[in-house]
Amino acid sequence: MEKYVPFEKLSKKKQRELNARRRGSWNGVRPVSRKIESAKAYDRRKARKWEVDAHDRAFCFI
């Protein structure tokens, strides 16, 4: 039978091992909160992409 050793006194390696065992698995589920963005809301990335695409086309026709 193993002696009981307080968690704080275990080595860091052993602590990580125990924590990983307790945590378990999410089975492919991402625990990050997500929401659907409104199509009406202004998006800088979208605007920037449109601006870059417009400049590329202008140079192609000249």
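**Contacts of Gln15, pockets and backbone of the predicted model**

Gln15 touches Phe7, Glu8 and Leu10, when residues up to four places away in sequence are not counted. These contacts are taken from a predicted model. Gln15 is a residue of helix α1, which spans residues 12-23. The relative accessible area of Gln15 is 12%, and this residue is therefore classed as buried, the cut-off being under 20%. In addition to the contacts listed, the side chain of Gln15 reaches the backbone oxygen of Leu10 at a distance of 3.3 Å. Leu10 thus appears both among the residues touched by Gln15 and as the residue whose backbone oxygen the Gln15 side chain reaches.

For the protein chain as a whole, the secondary structure consists of two helices and zero strands. The chain has 62 residues, of which 2% are buried. The exposed surface of the protein chain amounts to about 7,200 Å², and 56% of this area is supplied by carbon and sulfur atoms.

Pockets were also examined. The largest pocket has a volume of about 200 Å³. Its lining is formed by Glu2, Lys3, Tyr4, Val5, Leu10, Lys14, Leu18 and Arg21. By class, four of these lining residues are nonpolar and four are charged, with no polar residue present. Leu10, one of the lining residues of the largest pocket, is also one of the residues in contact with Gln15. Lys14, Leu18 and Arg21 are among the other residues of this lining, and helix α1 covers residues 12-23.

The second largest pocket encloses about 150 Å³ of space. Lys35, Glu37, Ser38, Ala39, Ala41, Tyr42, Asp43, Lys46 and Ala47 line the second largest pocket. The residues of this lining divide into four nonpolar, one polar and four charged. Lys46 and Ala47 are among the lining residues, and helix α2 comprises residues 44-61.

Asn27 is located in the loop between α1 and α2. The phi angle of Asn27 is near 55°, which is a positive value in a residue other than glycine. Most residues other than glycine have a negative phi. The relative accessible area of Asn27 is 68%, so this residue is classed as exposed, the cut-off being over 50%. In summary, Gln15 is buried in this model, whereas Asn27 is exposed; Gln15 belongs to helix α1, and Asn27 to the loop between the helices α1 and α2.

Key: Residues are numbered from 1 along each chain as its sequence is written. This is a predicted model: local features need pLDDT of at least 70, side-chain atom pairs count only at pLDDT 80 or more; totals for chains, interfaces and linings use all residues. Side-chain values use heavy atoms; hydrogens and water are left out. Helices (H or I, at least four residues) and strands (E, at least two) are DSSP runs, numbered from the N terminus. Buried means under 20% relative accessible area, exposed over 50%, partly exposed in between (1.4 Å probe, protein chains only). A polar contact is a pair of N or O atoms within 3.5 Å; within protein, one must be able to donate a hydrogen and the other to accept it, and residues adjacent in sequence count only if both atoms are side-chain atoms. Contact means heavy atoms within 4.5 Å. Accessible areas come from the Shrake-Rupley method with a 1.4 Å probe; for residues, only the protein chains shown count as cover. On a 1 Å grid over the protein atoms alone, a cavity is a set of points where a 1.4 Å probe fits but cannot get out, and a pocket is an open set with protein on both sides within 12 Å along at least five of seven lines; lining residues have an atom within 4 Å of a point. Grid points are joined across faces, edges and corners, and a volume is the space filled by probe spheres set on the points. Ala, Val, Leu, Ile, Met, Phe, Trp, Tyr, Cys and Pro count as nonpolar, Asp, Glu, Lys and Arg as charged, and the others, Gly among them, as polar.
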